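Here are some short exercises to work through with the structure open beside you. Try each task on your own before reading its solution.

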Amino acid sequence: MSVTERDPQLVDAAANEPAPPELLLPREVPLGGPRAMRVQRTLPQRQRSLIGAWCFLDHYGPDDLSERGGMRVPGHPHIGLATVTWLFEGEVEHRDTTGAAALVRPGEVNLMTAGDGVAHSEYSTPSSTVVHGAQLWFALPAAVARGPRRFEHAAPAMRRIAGAEVRVFVGEWLGSTGAPQAPTPLIGAEVRLPQGLRWEAEVDPTHELGVLVDHGEVLVEGLSATRSQLVALSPGRRTLVVEAGADGARVLVLSGEPFPDPVTMWWNFVGRDHEDIVAARAAWQAQVEQQRATGGADGRFGPHPEAWDDVLPAPEMPTVRLKPRLRRG
């Protein structure tokens, strides 16, 4: 998925003692023209940029594809992050410059690690009538941010835990294994709660937490949240408590250690400083021009798949210098 905002803002944050939960409201962002799919974006925001290493979160659908164009995101680049695609309904075709061509379906996860540069496209398939899911990014720690590009696909098992159905799609949690692992302590999971259930789960007290509501209404430490809203919690908790409303609920639980490295985020890039971003944009624009001149391209972001007719150009850089920011309490 590609960011359409010119200059998403990052703020510093780190937690010492548990603070009350914080409710982050989504903002609607179109992914293209008039019939484009709308997404509800809760990360990044001015008041909070990250939950652990999780730095971007779009929630979308259920979108009736007879009314909108569905997901149609041409080839676009990333650096310094990994993308995670998780669906509740529908089917999406993924192609990237690792050579991967894969379909992702409900209960399956695509994890693409950009490293020093990757490009990918995402299209809902002709057989899909509805598309509904979440697109997430996490920032890569400095030690691997310039590493090789990589793609993984997995179908994590569902487990019943304390009355809820849980699928862990990144990391290890509550005894679940087999999901792709991140290079920084990180968890992503789907949790389905029947009506009225008060669900408790052990969490790492060093982690920040996020609970995104896909369906229904939940209470998290007395704070109410509903569809597309994100509850953020600081470190210091050993137990996560989520109470489902009368219609039950489905949530994504995100968790991770406070991210220690400076982060500069612009368009689809996560870098360490302004120069990182400028260099990545120049390298991508060179591949855009090559693609349009010859019908194909190769370079820092890897060889473009033959199926690509066109790719997204980068927006113009802002007129001010981008500044990396550290987390603080």
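## Exercise 1: A hairpin

Four bridges join strand S13 (residues 158–161) to strand S14 (residues 164–170), and the two strands run antiparallel. This is a predicted model.

**Task.** Find which residue in S14 is the bridge partner of Met 158, and how many residues lie between S13 and S14 in the hairpin.

**Solution.**
- Start from Met 158 and look across to S14: the bridge partner there is Arg 167.
- Now follow the chain through the turn: two residues sit between S13 and S14, which together form a hairpin.
- Check the backbone in that turn, too: Ala 162 has a positive phi of about 55 degrees.

## Exercise 2: The seven-stranded sheet

**Task.** Work out the strand order of the open sheet of seven strands, and which strands stand at its edges.

**Solution.**
- Reading across the sheet gives the order S2-S3-S4-S11-S6-S9-S12, with antiparallel pairing.
- Strand S2 (27–30) and strand S12 (150–154) are at the edges; each has a single partner strand, so one side of each is left without a neighbour in the sheet.
- Ignoring direction, neighbouring strands here are turned by 20 degrees against each other on average.
- Zoom in on one edge: S2 pairs with strand S3 (residues 38–43) over four bridges, in the antiparallel sense.
- Within this pair, Glu 28 stands opposite Gln 40 in S3.

## Exercise 3: The four-stranded sheet

**Task.** Repeat the analysis for the open sheet of four strands: what is the order, and which strands are at the edges?

**Solution.**
- The order is S5-S10-S7-S8, and the pairing is antiparallel.
- Strand S5 (72–78) and strand S8 (101–104) take the edge positions; one side of each is left without a neighbour in the sheet because each has a single partner strand.
- On average, neighbouring strands of this sheet are turned by 20 degrees against each other, direction ignored.
- The partner of S5 is strand S10 (residues 118–124), joined to S5 by five bridges and running antiparallel to it.
- One of these contacts to look for is His 78, whose bridge partner in S10 is Val 118.

## Exercise 4: Unusual backbone angles

**Task.** Where are the cis peptide bonds before Pro 44 and Pro 62, and what is the sign of phi at Glu 221?

**Solution.**
- Keep the usual case in mind: most residues other than glycine have a negative phi, and most peptide bonds are trans.
- Leu 43 and Pro 44 are joined by a cis peptide bond with omega of about 0 degrees. Pro 44 lies in the loop between S3 and strand S4 (54–64).
- From Gly 61 to Pro 62 the peptide bond is also cis, with omega near 0 degrees. Pro 62 is in strand S4.
- Glu 221 is not a glycine, yet its phi is positive, about 50 degrees. Look for Glu 221 in the loop between strand S17 (208–220) and strand S18 (223–225).

## Exercise 5: A cavity and its lining

**Task.** Which residues line the second largest cavity, and how do they divide by type?

**Solution.**
- A search of the whole structure finds two cavities of 30 Å³ or more.
- The second largest holds about 30 Å³ of space.
- Its lining consists of Trp 173, Ile 187, Val 203, Leu 209, Val 253 and Ser 255.
- Sorted by type, the lining has five nonpolar residues, one polar and no charged.

## Exercise 6: Confidence

**Task.** What is the mean pLDDT, and what is the pLDDT over residues 9–15?

**Solution.**
- The mean pLDDT is 92, and 92% of the residues reach 70 or more.
- Over residues 9–15 the pLDDT is below 50; this stretch has 31 contacts in the model beyond near neighbours in sequence.

Conventions
Residues are numbered from 1 along each chain as its sequence is written. This is a predicted model: local features need pLDDT of at least 70, side-chain atom pairs count only at pLDDT 80 or more; totals for chains, interfaces and linings use all residues. Side-chain values use heavy atoms; hydrogens and water are left out. pLDDT is the predictor's confidence in each residue, from 0 to 100. Contact means heavy atoms within 4.5 Å. On a 1 Å grid over the protein atoms alone, a cavity is a set of points where a 1.4 Å probe fits but cannot get out, and a pocket is an open set with protein on both sides within 12 Å along at least five of seven lines; lining residues have an atom within 4 Å of a point. Grid points are joined across faces, edges and corners, and a volume is the space filled by probe spheres set on the points. Ala, Val, Leu, Ile, Met, Phe, Trp, Tyr, Cys and Pro count as nonpolar, Asp, Glu, Lys and Arg as charged, and the others, Gly among them, as polar. Two strands pair if DSSP finds at least two bridges between them. Axes are lines fitted to C-alpha atoms, for helices over the stretch in contact, and angles run from 0 to 180 degrees between N-to-C directions.
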